[in-house]
Amino acid sequence: MRHLIIIGGGIAGLAAAHRIQNSISQGNALKCTVLEASGRFGGKIHTERRDDFIIERGPDSFITQKPAALELCRQLGLADRIVGTRKNNKTFIYLNRRMLTLPDGLSLMVPTKFLPFITTRLFSWPGKIRMGFDLFLPRRRSKRDESLAGFVRRRFGQEAVDRLAQPLLSGIYSSDPEKMSMQATFPRFLETEKKYGSLILGMLAGKKAMLARKPQAKPGYQSFTMFVTLKNGMSELVETLIEQCPDIEFRAHAPITRLAKSGQEYTITLDSGENLTADAVLVATPANVTAKLTQETAPEIAEKLAEVPFVSTAGVVLGYNREGFPHPLKGFGFVVPATEKRKITACTWVSSKFPCRAPEDKVLLRAFVGGALNEPMAEQEPEQIVADVKSELRDIMGLNVEPEFAHVFQYKKGNVQYRVHHEDMVAAIEQDLTQHPGLFMAGSAFKGVGIPDCIAHGNQVADAALEYLTGLPTD
Ligand SMILES: Cc1cc2nc3c(=O)[nH]c(=O)nc-3n(C[C@H](O)[C@H](O)[C@H](O)COP(=O)(O)OP(=O)(O)OC[C@H]3O[C@@H](n4cnc5c(N)ncnc54)[C@H](O)[C@@H]3O)c2cc1C
C-alpha cells in the first residue's frame, strides 16, 4: 500500500488529510499519516473553553466570500454549527483621541456612497479631495507587483494609506504596508483598476451588478455574514475533521527533524530517532520550518523559503463583569493607525461581535499588539504586555475596571509576511517542485494566510499528491 506522510497538523495539513480520507473512502487503497510536533492539532487554530467563555488564541473567524472553509464545514456536517457576527457591525478607527466610525458605503477602503464620505470626520478636506482623484487618474500600465501603500497612495493619497489601508488591510497581515505585496494579498483591487480605471467606479459597478442579480442561495447553504465562526469556537472544525478521518493516522508529539530521499522513497526522522518511510511527503509546516526540513532534499527551495519573513504579534484576552462595565461596546471594536503611536494595534469587542463567546453577564475583549510596525511590543514579558494593554484600554476606552482575567497569547515570529514579488517566489518554488517527484508543500506561506486560503491550498496539493501516488507503477 502506498504511504503519504503529511508533516504539520495545522489547517492546511488537516484539509489535505481530509481530502485523502475522501479518496480512501472511495476505495483508494492508501496509507496516510499526519505528524504534528506539538501535543494538539490545529496549529494557529486554538480555542480554549473555560468558565463558559470561548477564547480564541489565534483566528476567531473566517471569511465567507472565499468558499473553501464553508465548503469544508458543509462536508463535515457543520453547516448548522456556523455562527455569524451580530448585526451591530460598526468598526471604529481611533484617530486623534477620538473613536470615528468607518463611513457607510466604504467597501474595504473604497468609498461608494457620496454623503457619508463627504461628512465623515475620518479624512481631512484635502484628504477627501485627493481620494476623489481616483475617478480621473489613469490606470497603471505596469504588470509588476507593487506594495499596498504604493497602490493606495497612487489611487487615493497618503491619508488613505495612514487612516484606512495601514490599520484595516495591512493589520489583517500584521504587515508594513510599504513592504506588503498587493498582488499576493488584494489582487481584486488590481483587477478592478485594470478593468474600470477607477476603483470607485469599479466598486459601484460591482454593487449594481450584485443588486441586479437575484440572490440565490446554493442548495444546502444559507446566506452568511461576511465573517463566521463555529458555535464551540474555531477548534470545533479541527476536532470534527479529525473525528471524520477514521482511516488517517494522526500522531501528535511527533516533531520531524530530518527529511531525506533515497531512490523513490522518502525517509522521515522524528526527534525520538524513529524513522518512517513514505512514497510521498506533503510538508505543511510554517515556511521557516519547511526551509530547515528541505535543506537536504531540496536546497534550492529551502533557500527561497528561508527568505520569507515572519513577525511577532501577541493578543491579550480580557474577561470582565458586565455590571458596572463603563463602555457601551456598540460595535465590533476598533483599529489604531500606526500614526497614532499607541501600544495596541486593535481591540475586538468579542462578546459584541459574536454570540455565545461569553456568558450574558460578562464581557470579553481581545487586544492586539506588535506586528511589523511595532514588533518589540509583542516580544516583551507577558506581564508587561498585560500592563501595557490595560493602560491603553483605560486611556482609549475609559476602562477603569479590573478584568476578572487577562491571558496573553504570543506568536513570536509567528506571522508570515507577503513581501512585494511574493507570487514570483511561489511560482519559482512550484517550478522547483517539479524536479522533486513525491514532494509537496502547502500552507499559509504560499497562496494566502486566511483559513479558506490554507484549506483551498491543502486541498489542491492533496489532489496533486493523490494523482502522483496513483500514477506510480505497482510493485
Ligand atoms: C493571532 C492570529 C490570528 C489570526 N486570525 C485569523 C482569522 O481571524 N481568520 C483567518 O482566516 N485567519 C487568521 N489567521 C491566519 C490563520 O490562522 C493561519 O494563516 C492558518 O491557520 C495557518 O495554517 P497552516 O496550516 O498553514 O499553519 P499552522 O497553523 O502554523 O500549522 C503548522 C503546523 O505545523 C506544526 N509543525 C511545526 N514544525 C513541525 C515539525 N518539525 N514537525 C511536525 N510538525 C511541525 C506546527 O506545530 C503546526 O501545528 C490568524 C493568525 C494568527 C497568528
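The shell around the ligand comprises 17 nonpolar, 16 polar and three charged residues by class. The model analysed here is predicted. Of the 36 residues around the ligand, the nearest are Gly 8, Gly 10, Gly 43, Pro 59 and Gly 443. Four elements each contribute at least two residues to this shell: helix α1 (11-25), strands β17 (310-321) and β21 (405-416), and helix α17.

The chain is divided into three domains. Domain 1 is assembled from three segments, 2-45, 239-308 and 419-471. Domain 2 covers 104-212, and domain 3 covers 310-416. Residues from both domain 1 and domain 3 enter the ligand shell, so the ligand lies between these two domains. Their C-alpha centres are 34 Å apart.

The largest nonpolar core holds 132 residues. Leu 4, Ile 6, Ala 16, Val 281 and Leu 282 have the most contacts inside it. Helix α17 (residues 451-471) gives the largest share of this core, nine residues. In soluble globular proteins, nonpolar side chains tend to be buried together. The surroundings of Ile 6 show which parts of the chain meet here. With neighbours within four places in sequence left aside, Ile 6 is in contact with Gly 13, Ala 16 and Ala 17. Cys 32 and Val 34 are also contacts of Ile 6. Leu 282 and Ala 284 complete the list for Ile 6.

Helix α6 (residues 158-172) is bent. The bend is about 55 degrees and falls at Ala 165. A proline, Pro 167, follows within four residues. Eleven of the 15 residues of α6 are buried, so the helix is largely enclosed by the rest of the structure. Both Ala 165 and Pro 167 belong to the buried set. Also buried are Ala 160, Val 161, Asp 162, Arg 163 and Leu 164. Gln 166, Leu 169, Ser 170 and Gly 171 make up the rest of the buried residues of α6. The cover over these residues includes two helices, α4 (125-132) and α5 (148-156). It also includes the strands β7 (91-95), β18 (333-335) and β19 (346-348).

The loop between α6 and α7 (182-185) was examined at two residues, Ser 174 and Glu 178. Ser 174 follows α6 and has a positive phi, near 50 degrees. This value occurs although Ser 174 is not a glycine. Most residues other than glycine have a negative phi. Ser 174 is buried, because 26 other C-beta atoms lie within 10 Å, where 20 or more are required. Glu 178 is partly exposed, with 16 other C-beta atoms within 10 Å. With neighbours within four places in sequence left aside, Glu 178 is in contact with Ser 147 and Ala 149. The C-alpha atoms of Glu 178 and Leu 148 are separated by 6.4 Å, although these residues are 30 residues apart along the chain.

Lys 341 also has a positive phi, near 55 degrees, and is a residue other than glycine. Lys 341 is located in the loop between β18 and β19. With 9 other C-beta atoms within 10 Å, Lys 341 is exposed. Ser 174, in contrast, is buried.

Tyr 418 occupies the loop between β21 and α16 (422-433). Tyr 418 is buried, with 28 other C-beta atoms within 10 Å. Outside its neighbours within four places in sequence, Tyr 418 is in contact with Tyr 173, Met 180 and Ser 181. Ala 184 and Thr 185 are further contacts of Tyr 418. Tyr 418 and Met 182 are 236 residues apart in sequence, yet 8.8 Å apart in space, C-alpha to C-alpha.

Ile 200 is placed in helix α9 (residues 199-212). It is buried, since 21 other C-beta atoms lie within 10 Å and the threshold is 20 or more. Neighbours within four places in sequence aside, Ile 200 is in contact with Val 110, Pro 111 and Thr 112. Asp 134 and Leu 135 are in contact with Ile 200 as well. Lys 66 lies 134 residues from Ile 200 along the chain, and the C-alpha atoms of the two are separated by 22 Å.

Notes. Residues numbered from 1 in each chain as written. Predicted model: local features only at pLDDT ≥ 70, side-chain atom pairs only at ≥ 80, totals over all residues. Core = buried A, V, L, I, M, F, W, Y, C linked by C-beta atoms within 7 Å. Buried ≥ 20, exposed ≤ 12 C-beta atoms within 10 Å, placed from the backbone. Contact = placed C-beta atoms within 7 Å. Domains from an automatic or database assignment. Near = placed C-beta within 6 Å. Nonpolar A, V, L, I, M, F, W, Y, C, P; charged D, E, K, R; others polar. Bend = angle between axes of the 7 residues up to and from the residue.
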